[in-house]
Each structure stands twice: as structure tokens, then as C-alpha cells.
Amino acid sequence: MNLLKNRRFTFYFMFSLLGLIFLVRIFSLQVLDEGNYKKAVNNALKKITIYPSRGIIYDRHGNLLVYNGPVYDLIVFPGALKGLDTAGICALLRMDRKEFDKRLEQARVKAKTQRRRDNSFNRSATFLSNLPIADYTRIQENLYRYKGFYLEQKTDRLYGNQAAAHLVGYIGEVTEKMLARDPYYKNGDLAGITGIERGYEKYLRGKKGVRTVLQDRFYTEKGSAEGGKFDSIAMAGPDIFSSIDLSLQQFGEQLLHGRIGSIVAIEPNTGEILALVNKPDYRPDLLIGPNRNKHFQELIRDQGKPLYNRAIRGVYPPGSTFKPVIALIGRQEQVLTPATTHGCAGGYRMGNLTVGCHPHGSPINLAQSLAISCNAYYCEVFRDIIDNPKYNSVRDGWTKMESYLNSFGLGTKMGIDIPGEVAGNIPSLAYLDKRHGKKWRSSTIISLAIGQGEILLTPLQMANVAAIIANRGYFYTPHAIHGIGPEKFKPEAFLVRHRVMVDTLYFESVIEGMADVMVPGGTAWNAAIPSLTICGKTGTSQNPHGEDHSLFIGFAPRNNPKIAIAVVVENAGYGATWAAPIATLMMEHFLKAEHEPSKAPHLLKKLLIMPGQNANNTQPKNP
Amino acid sequence: MPTTRNQKTLSPKLDFTSVLLFTLLVFFGFLNIYSASSGGQSGFSLQVNQVATKQLIWMTGAFLLIILVTFSNPNFFEFTGYLFYGITVLLCLAVLLVGREVSGAKSWFGFAGIGIQPSEFAKFGTSLALAKFLGTYGVRFKGWKNIGISLAIFLLPMAIVLKQNDTGSALVFFSFFLVLYREGLPGYVLLAAIWLMILAVLSIVLLAYQLSLIYWILVPLSGIALVFLYLFRKSRFWMAVTVGLVLASWGFTKIVSFTYKNVLYDYQRDRIEIILNLKKDDKGVGFNLIQSKIAIGAGRWTGRGFMEGTQTKMGFVPEQHTDFIFCTIGEEWGFIGVLLFLSVYFGLLFRLVLLAERQTTNFARVFGYSVISILFFHLCINIGMTIGLVPIIGIPLPFVSFGGSSLWAFTLLLFTFLKLDERRLSYA
């Protein structure tokens, strides 16, 4: 009996052992494993994003370009759909079963990716996006019947007018790439894709707010978590004042209507872009709303490439508009004075090389050479620069030339604040070697002297050249904004004055010649505007794609210039014919008072009554 | 003798420590039931919390039971031991015929909106019967007849409860083996039970991985047996025992394998495989266990505070106010709270062993050990399942879980024993 009494110790032992096992296990769950706490919090909290309203875009005078209107996203928790009345919700959403299943599967995949990305427990995904307010009211009323679905408000863009499509750009659902790069975004968010919308996305998007609510395991909301301790309010993005002048922009779009080409106008003493016109273009409101994808596909397929931002992506041989640059470099290099004369007998000849020229008096000086756009003169100047004995070889001479051109912002990206800009081309030594073999001489590349050959510029770069000459030797990186927010804040990069390698004192002689372009005897005298001192240079650029491009760069007024401009009209012939009058009318429009009539009604008549041949097939589509 | 009578009337006291620990557990249980069933409501209001209100009614009932037991004659339980047993066994049978099915188990009587689970009371009846049998003068836990009757006393209700499909409650009857152990069941029987448990787990693991039982159990077993046969080469008896053990083990393995493949339900197989880490199913069957572990783990050192446990009050943990009440304790009171709670619980167990050993009658001692063993078994399985040490088996945490039947049955068990303990003085 006593022996059996001792068996109580077995019980004591069992109790102690079990207690110990429990404590060790619970200690490891509660104290050692920190993940459980986080998981519990994640489980019970549902974060509802509050989207801020996106910054509004105005023109430089405060005219409305882009603003916001509400749209709604239908969000689904794919894991909470047990016992869902599928037929009911299909009817509510007005979609058939097949479409519903397809979208649900997509949402499931999206939620899974999100889960993996955030290492979270359960997440939702967008089921339908950008529903207009009419659908919202209909769906919201009945949505309580379908657990696992809820509506989230977002804003979409609306357009004050249909101008400056390429400059303001459009917004769209964030891409996988953006999602991967910036944790701010989640699936289904809208973000700027092009133009100012993209360039200033970080400002315009504002700051998302979060409302954290408790949820049970059926994802049903159970009120605010901890009295709103975790909530943050959404901060609207600041408004942005674009640098464009809406009236000038619209006038430019009118002038270029039916043609193919580009106009870039810059305020020389700030670098602000006053107008950025591309034709063909598109109506910005095609790219909002539930049908944006359909329209986008149509625009992509359009032969006229309406989405193509020629002003910063199109490259053209500058032709004769390049001559002022050669002249300026010649002056700086001391191989050219205003009085330097060269003869021209219908062209430039050297051995069996001939660069043709049109008939004109000979010999001529610098100003005359610009006014009548003599090719031979610039072949001489070009060779004087790069064959200068102070350089050991033509290679060194060209290298020097290249650095001059780079200082004008040519051959490199300018750093404009809207995405997609290209660098154009200023041929490097390597490039020339590849093209002509190692043994090229100045005569081999002589066509570069007149802006032909391997040189390619964007309209933006051409306009910037005009701005540099207007400023007598400096420029600000061209940019599309006048300022951000009420303080009109501007990023530092656009406040830095870039000097070119040509000193101010050499500019006046070139400007003299550019002024002569606009007087009788000059190439563009027929595009002159009475009582306006315009300096300009025409260009007719040969290209392998057909008829010559009509080019013009210029600025006005001559003293204290307010506007510098470049106009490219593709395959339209002489620069003087189309590009020059478009440019001068633009300059007049910008400089004159608003309701003052134009002093050149004959030019207006010519341009507005004789629209380009493309007028019919580039009619803006009605959505 | 008048003096003893006086002594009895002067100190009719139930063991104060046990009553105190019991009271602590019940009220702590109520707090956690209240919190777990608040459904995200804040503030303390019984009007909105019907579960807690019900529990309060059960607690009142339990208090009445305590008064009833306290004022009853302790001999009453000994006299009516078999009667109670008979009644509860009959009730268990009756529930098979007219019972209500709750989550797969037909173990409830439903009347007037209240459910009664006779299997909870069967533990009480069985304890009384076993105590009475082993307490009968001259009966010792020896001889095939007595052993057979002892086993039959608890295996009969166990079979009936198993038939009710209430596997958890049926398993509880195994705890009577511990009582028998205290009363003289040889220690090797317990060792054998542990050995069989190891074999069972091993077999299931092998089956789940589709490995050969012959290679992994029979061959190594035979190898070890050969060594022992060599060591015991001088004793025929031990050589026979060795061979017998190997054969028995192998036979058991085959039984487990058959049971596992052909007898168990899918959900039972799932639960076993999840606990053995053989299967991962976070959204399905494994969801409950994962959420339960997250809930307890979320408590950290000091817990998230009363009514602040989102895991439990937002319904992520299943059966949160009944079988998984320990999750709420873990989540809201933290490791410190759990430590205190387990101290109270194990304190009660130690105290009860002390009381049981000081009993002067076999009846009281056997009954006491029955109470201890049943509580121990429940504690082991219930907390073990919430922290992922044993498969999910739906049995309540005594005194703490929500539910009238279990609270009343355990109150009855404990206070009957305390009443017997009080009587002990009259024999001293």
C-alpha cells in the first residue's frame, strides 16, 4: 500500500513535465516568435486607401488645362467570396458570367502578386476600374449583398480644353515597372504616363491617406481601428502652372492644323516653353474613362502617329537654320569677321566636289550670307574652323567643333521635364570614322556646314538655339512649367544659366544677318510682320523621306527678346513658304495685345484658308 | 462518538485552497468568454453579449449545484454510485436515438433552447461507479475479474460516446487508466502505452510519406530484438518476452495502419497530418490552428489587454469562447497572464493530489484520482491543441470554456470530491 502511495510522485512528475512543455512552447510562440503579433494585426486591420485629388494643371496665366472628376474602382477580396450570388452580382455589374470569371481570376492573380510583394496575409485587388459616378450610385446601393466587394473612390482627369495634349500628357494605370520601382503605388493606381503628368508625377499625385478599420474574418468592417490612431489624411497634390500660353498654344495648333510638324516656342530669359505644338495630335479626353484602352489602341494603330511627340522625339537635319551656329563658332574661333567675304558662283567647288547654291550676288559678307542663305560661304567658314592650322588635324578641329555644338545643347538630351526626349545627333569622331573610313577630310563632311548629313536636331533643340542667340550666349534648360503650387516653385535644375562657348560680343553680327533675313532681299522677307523686329533663319532640309522639310528658327523682338521659336513643317518645301510665316504669326500673336488685329492678314489668310493636305485624314476623332 | 460529531459540526469546511483556485478559474474564464464573444463591441454590457449572459446563467446554476452538494449527505454519493452511473450511461444511449447533432456529433439533448451533453455527466457517473467498485470492501485491483470489471466500467460509456461520433469526449475516458495506475495497475502498462503511442505516430508518419512499414519498423525492431535475444540467451522467459514484444508491436503497427487508412474520417486524418507537420493547408483545415497560434503569439509578454485581442474578438479563431478559449487568454493576457493562469490550474491539480492522498476511504481516493485524471487529460489535450502540440480534438477547458454541461459536470466532480474530503474528518 505504501508503494502505491508513492505513485503520487508519478502524478507530480507528469504535471511538472506537462507544465514545462506548455510554458516552453507558449514562450516560443509569444516571446521568441515576433511574427505572430504582426500577423494578428494584419489579419484584423483593413487599410482603405483614400486617394488625394491630383494636382490641377493650369497654363502660365491660370487658365484651366487639366482638372479632376470622381471615378470609382470596384475592389474585390477574392478570398471572401464563399457563397457569392454570382448571378446577382453579374446582373448588378452588367457583365456576363464569362467576363466575371475572367476578371475574378485576374484579380486573384493580382492579389497574390501583391501578397508576395508586401509579404502580407490577405489583400484585395481591383475588379473594375474607373467607373463613372452613374454606375457608382447604382452599384453602391446593392453592394452590401455581396461580401468581399467594395467601392473605392479615385479621381480621373478632365480637360478644360483639348489643347497641348503632348505637353500635359496623360495618366493611366501604373505599370509593373512602376510598381516594382516605387512602393508608393499599388495595383490599379493611376499615375502620369507622359508629359507634365509624368514629369511632375511626384508632385501631382499628392499623398495617399489611409483609413484603417477593423475587420472580421469575413472582411466585414467593424469600425475604425483604435479610434483612428493609424489613419492619415490624404494630401492633395499641388497645382502646377504650366509654362505654356494657352492662347498661343491654341493659335499654333490652328496654324499647323492639317500639316505634319512641330512648333516649339521658348521664353528666352527663363527657358519656359510657351508653346509646344505637334501635328497630328489627339484629343486628351480620349485617354480617360473606362474606354481609354480601346482608344489608346486606336491611336497606336493610327498611321499619322498622333501620340508621337515630334517636338522632343522627332529628329530633323537642321539645314540652313544651322548656319547662324556655324557663323557664331567662326566668330569665336577668329576665322570670321563681319567683314569677311567669300565668293560664290552657284555653289562651292573643290576638286570634283560641288555644294550647290542658288544664284545671288558675289562676293558677300557675313550678314549677307545669312540673309540670302549662301551655302558656299558656310562651306568656307566650316573648313576655316576645322582645318584651322592651330589644330593639329581635322580630327582635332572637329572635336573642338563638337564641343561647341554640345555647349549649344546639341547632340545631348537637354533635360526637359517631360519624358521621352531624344538627343538628336552630332556625329562624333567614331561615328564619322565608321561612316567615311578613317581617312575623311573636311571636304568629306562638308555637308555638315549647311546642316545636312549626319546632323540631326529635335525641334526643341532648334528652338533652344534660337533662344541662345536671343539671349546672346546663354540658355536655361527648356521646361514645361511656370511653377509648382501657389509659390510657383521651380526645381533647381531650371534656374541654372548655361553659357555657350561663344562670347556675347560675337552675337550681334550674326543677329544683324538674321534681322536681314526678314527684310526685302532676305529669304523670309515675305513672312515679315510690319512694325515687329524679327530675327530669323529659314531652312530647307533635304531628307530621305520625300520632299524637303520647311524649317524656321527665330526670335522677336530683336532687342530684349520675349519669344524664341522653331517651326518644322515636314515635307512642305522651302522654309520661307510655310515655316517662316507660321513662326512670325506666332511671334506676333504672343507679342501683341490680346484683341489687337494682326498686322499681317495676308499671312493669316494664306495659312488658315490653305490648310495642309493632311487636313482630312487627321481630323480629331470624336470620342 | 460525540466528540467527533462535534468536530464535524464545528468545521464543516470544504478545502479553502481548492475552492479559491476553482473560483479564480471560473471568473477568469467568464472574463475571457465575455471578451471573445464581444464581436468587436467595446464597453461592458451584458445586453449585447448574449454568450456571456448565458455563461452567467450557467455559473449561477453551478453555484446552486455547489450548495446542493455541500448540504447533501456525503454517503449519498457512495450509495447511489451505480445508480448515477446507470442513469448517465442510459442518457448517453438515449442521446444516440433522440439527440441533436452539433457539428457532426450526436451528443446533445436539446430542450427549451438549452443543450445538455450527457457525455459530460457520464464522466461523473463513471467516476462514482469506479470509485464504488474499487472502494467495496475486499475488492483490490487484482485478479482478472476485478480488472475486467474496472475496465468495463469506463470502456462501456467510452464506446457509447464514440458511437455518438464525439471522439474527443470518448478519448477522455482513457484518463481512467491513470486512476487504475494509482490503484495498482503495473507501471509497465503505462510504459507500454507510451511505446504504442510512439509506434502509432511513427506509423502514421511513414504512411503519410508512403514509406514501407516493414523496412522502417519491422527490420530495425527485429535488429534490436536480436541483440536482446543474445543478451537474454540464458533466460527462456525473457527471450519469449522479447519475441512477444516484437510481434505485438508489429501487430499494433498493422492495426494502426488499417485504422488510419480505413476507419478514420478524412478530417481526422487531416488534423493528425497537420499536427505532425506532414501537411500544409493554411486556408483549409490548417487555418484554425494557424489562427490559434497567431492569437496566442500576438500576446507577447503582457498581452494586448482585456477586450483588445483582435484575433479572438474578430472571429479569426474558431470556437473561440468554447474549446479555443485559451487563445483569448494567450492573446489578451500575454505570457505573464498565461504563467499565472497555468500556475492556478496546476496548483489545483497538485492540491487535489494532496487531498486525494489524505483520504481514508478507497472510495474517496479513487474518486479523487478520477477527478484529477479527467482534469489533467482535458488540460493536456485542450491547451496542447491550441498551441499545436496535439491534433485538434474538440474538448473544453474545464471551468474556463463556455458551456453549461461541462461547467456543471466539472463542478459536480470537484465539489463532490471536496465534500468527500470534508467528510474525511468524521472518520479521523
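Let's start at I565(A): leaving aside neighbours within four places in sequence, this residue is in contact with I263(A), V264(A), A265(A), A463(A), A466(A), I553(A), G554(A), F555(A), A583(A), M586(A) and M587(A). The model is a predicted one, and I565(A) is a handy way into it. From there we can visit the nonpolar cores, an open sheet, a covered strand and, finally, S242(A).

**Nonpolar cores**
- The largest nonpolar core has 145 residues, and I565(A) is among the five that touch the most other members.
- The others in that group are A265(A), A463(A), A466(A) and M586(A), and each of these four also appears among the contacts of I565(A).
- Helix α19 of chain A, spanning residues 459-470, gives this core its largest share, with nine residues.
- There is also a second, separate core of 101 residues, which includes F11(A) and F22(A) as well as F133(B) and I290(B).

**The open five-stranded sheet**
- In chain A, five strands form an open sheet in the order β12-β11-β20-β19-β18, and the pairing is antiparallel.
- The edges are held by β12 (272-279) and β18 (535-543) of chain A; each has a single partner strand, so one side of each lacks a neighbour in the sheet.
- From one strand to the next, the twist averages 10°.
- Inside the sheet, strand β19 (residues 546-556) and strand β20 (residues 563-569) of chain A pair in the antiparallel sense over seven bridges.
- I565(A) turns up here again: in β20(A), this residue is the bridge partner of G554(A).

**Strands β3 and β4**
- Strand β4 of chain A (residues 125-131) is mostly covered, with six of its seven residues buried.
- Strand β3 of chain A (residues 64-76) runs antiparallel to β4(A), and four bridges join the two.
- Y72(A) has L131(A) as its bridge partner in β4(A).

**Around S242(A)**
- S242(A) lies in strand β10 of chain A, which covers residues 240-242.
- Why does S242(A) count as buried? S242(A) has 28 C-beta neighbours inside 10 Å, and the cut-off for a buried residue is 20 or more.
- Not counting residues up to four places away in sequence, S242(A) touches I57(A), Y58(A), D59(A), R60(A), L65(A), L167(A), V168(A), I196(A), A480(A), I481(A) and H482(A).
- S242(A) and L64(A) are 178 residues apart in sequence, while their C-alpha atoms are 10.0 Å apart in space.

Terms used. Residues numbered from 1 in each chain as written. Chains lettered and ligands numbered in written order. Predicted model: local features only at pLDDT ≥ 70, side-chain atom pairs only at ≥ 80, totals over all residues. Buried ≥ 20, exposed ≤ 12 C-beta atoms within 10 Å, placed from the backbone. Contact = placed C-beta atoms within 7 Å. Pairing = 2+ DSSP bridges. Axes fitted to C-alpha atoms, helices over the stretch in contact; angles between N-to-C directions. Core = buried A, V, L, I, M, F, W, Y, C linked by C-beta atoms within 7 Å.
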